[in-house]
Amino acid sequence: MNYSESPFNINHIYDKFKLDETKVRKNPMEQFDDWFADGQINETSAVSVSTVEEDGCPRTRMVLLNSYNWDGFIFYTHYDSRKGKAIEKTRQACLHFFLPRVQRQIIVKANLERIPENVSDRYFQMIPRGNQLSSLITRQSKQVPNRDFLTNKMHELEKEFRGKEIPRPEYWGGYLAKPYEIEFWQGRGDSLHDRVLYNLTADLEWEISRLAP
Ligand SMILES: Cc1cc2nc3c(=O)[nH]c(=O)nc-3n(C[C@H](O)[C@H](O)[C@H](O)COP(=O)(O)O)c2cc1C
């Protein structure tokens, strides 16, 4: 096995911003809001979601961040997809935001719950018709024979629902990820990065600490 003599990113300089545990917001969702307001989360507001599967190994994929509020982060998916099954079982996930332009990351450990059905209904009616139809073709993460299978099903569904409202399938909807731990990471020079950790205590207060880089 040969190891590279010219690894990537060896001269990368982290010098854009600082993060001070004595100056951060008391509530991590406010801190997230400040960083989100910088407009740098990324162009699609995508976030990676990791779940732990039956074999004990985590599995990560991107989803679109639909929104966030004081309670946590909302994304939409299939409840019986591979990620959905893991969430339904463990009720937990880890969300990860990478903000390369501002040299930041945010790591969120959260308890997950389904959002109210009427909220998912409303959102489903807002998404493009094609996306609504594709959610009806088959269950996410299931094996399918080929792409023709998907396009043929799509044509059938287009005919079936022509001129009709498409109902939200009960297996599609939103999750609210309610954080109990959030780390904000700011890249700094000499690898002396700033890491500020928020932990939710039993009294539902946020405890703030600094971690070694
Ligand atoms: C930028 C991006 C955004 C995505 N947004 C979503 C989303 O909002 N919901 C979703 O279910 N899948 C989304 N996906 C697809 C997922 O990454 C994944 O392939 C799918 O949800 C099936 O995952 P699973 O089999 O692990 O459950 C997105 C993928 C990318 C790359």
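Two residues are in contact if their C-beta atoms, placed from the backbone, lie within 7 Å. The model is predicted: local features need pLDDT of at least 70 and side-chain atom pairs count only at pLDDT 80 or more, while totals for chains, interfaces and linings use all residues. Residues are numbered from 1 along each chain as its sequence is written.

Q: Which residues does L112 touch, not counting residues up to four places away in sequence?
A: The contact rule is C-beta atoms within 7 Å. With residues up to four places away set aside, the partners of L112 are I87, R91, Q92, A93, Y175, L176 and A177.

Q: Which element gives the most residues to the largest nonpolar core?
A: Such a core is a set of buried Ala, Val, Leu, Ile, Met, Phe, Trp, Tyr and Cys residues joined through C-beta atoms within 7 Å, where buried requires 20 or more other C-beta atoms within 10 Å of a residue's own. This core has 24 residues, and L112 is among the five that touch the most other members. Helices (H or I, at least four residues) and strands (E, at least two) are DSSP runs, numbered from the N terminus. With six residues, the element that gives the most to this core is β7.

Q: Which residues in α5 meet α4?
A: Helix α4 covers residues 129-137 and helix α5 covers residues 147-160. On the α4 side, the residues are L133, S134, L136 and I137. Their partners in α5 are L150, K153, M154, L157 and E158.

Q: Which element supplies the largest share of the shell around the ligand?
A: The elements that give two or more residues to this shell are β2 (58-64), β4 (72-78) and α2 (82-90). The largest share, four residues, comes from β2.

Technical notes: Axes are lines fitted to C-alpha atoms, for helices over the stretch in contact, and angles run from 0 to 180 degrees between N-to-C directions. A residue is buried if 20 or more other C-beta atoms lie within 10 Å of its own, exposed if 12 or fewer, and partly exposed in between; C-beta atoms are placed from the backbone.
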